[in-house]
Amino acid sequence: MSDTPERVPKLSKEEKDRRFQAELLPVLDSLYNFAFRLTLDEDDANDLVQETYLKAYRFFEYFEPGTNAKAWLFRILKNSFINDFRKKSKQPAKVDYSEIEGYYNTEDVDSDGDAGSTSADLRQQATRDLIGDEVASALNSLPVDFRTVIILCDLEGFTYEEMAKVLDIPIGTVRSRLHRARNFLKEKLERYAKKMGYGNESDEDGVALADDEDDN
């Protein structure tokens, strides 16, 4: 039995465009945030999102209605990130994901370009609304495979099963990678807190309490 999704009955262009806009475009903001966290570059993130939507439009007839459109788009974006951005001058760190599925390719399709039109300030929005500056800095410093599982689980709310499909890895690997990623992130934030003096608050409170007792 083939792992390649079965093509659904061919849609008219009008129906395809209507369903594409209704089911896939609402994921744009989350998709851009994911792309930016992977690439750490605004222009590369815009390019990656645009490429993802082009491929999604090209292969929309493989998308099964009623399934998780967000997970489907994230998987295409992740595969595009691996397949394309490794070959460019701004190469990311090596990622131990499986190779891109055979039915995704780089053929261009007509598009009105809306995929990247509203993403100019989403980087600031992601930092402002989702996580603080220090957390964003710590997250961005993680290796990309650990960064990815934190994004998918803790920021985007994917289940372990959905993450396994997006990343093409077993659920057990998802769990262990997420556990390690959270530990790495925790260590980085603890170092940041100590650097900012937060780790000394209990000691300072103890000194203040002792001084008050002496005064009495």
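Which residues have the most contacts inside the largest nonpolar core? They are Leu24, Val49, Tyr53, Leu73, Phe74, Leu77 and Leu152, in a core of 47 residues. A nonpolar core is here a set of buried Ala, Val, Leu, Ile, Met, Phe, Trp, Tyr and Cys residues joined through side-chain atoms within 4.5 Å.

The structure is a predicted model, in which local features need pLDDT of at least 70 and side-chain atom pairs count only at pLDDT 80 or more, while totals for chains, interfaces and linings use all residues. Residues are numbered from 1 along each chain as its sequence is written, and side-chain values use heavy atoms, with hydrogens and water left out.

**Overall build**

The protein chain has 10 helices and 0 strands. Helices (H or I, at least four residues) and strands (E, at least two) are DSSP runs, numbered from the N terminus. Of the 216 residues, 38% count as buried; buried means under 20% relative accessible area, exposed over 50%, and partly exposed in between (1.4 Å probe, protein chains only). Among contacts (heavy atoms within 4.5 Å) between residues at least 6 apart in sequence, 72% join residues at least 24 apart.

**The core**

In soluble globular proteins, nonpolar side chains tend to be buried together. In this model, the helices that each supply at least two residues of the largest nonpolar core are α2 (28-39), α3 (42-58), α4 (69-85), α6 (133-140), α7 (144-155), α8 (160-167) and α9 (171-195). Helix α4 gives the most, with 9 residues. The core lies between domain 1 (13-88) and domain 2 (121-196), because both give residues to it; the domain bounds come from an automatic or database domain assignment.

Phe74 is one of the residues with the most contacts inside this core. Leaving aside neighbours within four places in sequence, Phe74 is in contact with Val27, Ser30, Leu31, Phe34, Leu152, Glu156, Phe158 and Val166.

**Individual positions**

Thr39 lies in helix α2 and is buried, with a relative accessible area of 16%. Its side chain reaches the backbone oxygen of Asp41 at 3.1 Å.

Phe184 has its place in helix α9 and is partly exposed, with a relative accessible area of 30%. Beyond its neighbours within four places in sequence, Phe184 is in contact with Leu142 and Phe146. The C-alpha atoms of Phe184 and Phe146 are separated by 8.6 Å, although these residues are 38 apart along the chain.

Most residues other than glycine have a negative phi, and most peptide bonds are trans. Two residues with a positive phi that are not glycines are listed below.

| Residue | Phi | Loop | Relative accessibility |
|---|---|---|---|
| Leu40 | about 60° | between α2 and α3 | 38%, partly exposed |
| Asp168 | about 60° | between α8 and α9 | 21%, partly exposed |

**Confidence**

The mean pLDDT of the protein chain is 74, and 63% of its residues reach 70 or more; pLDDT is the predictor's confidence in each residue, from 0 to 100. Among the elements, helix α5 (residues 122-129) has the lowest mean pLDDT (45), and α8 the highest (94). Over residues 89-130 the pLDDT is below 50, and this stretch has 76 contacts in the model beyond near neighbours in sequence. Residues 201-211 also have pLDDT below 50, but with 0 contacts beyond near neighbours in sequence. Where pLDDT is low, the predicted coordinates should not be read in detail.

How values were computed
A polar contact is a pair of N or O atoms within 3.5 Å; within protein, one must be able to donate a hydrogen and the other to accept it, and residues adjacent in sequence count only if both atoms are side-chain atoms.
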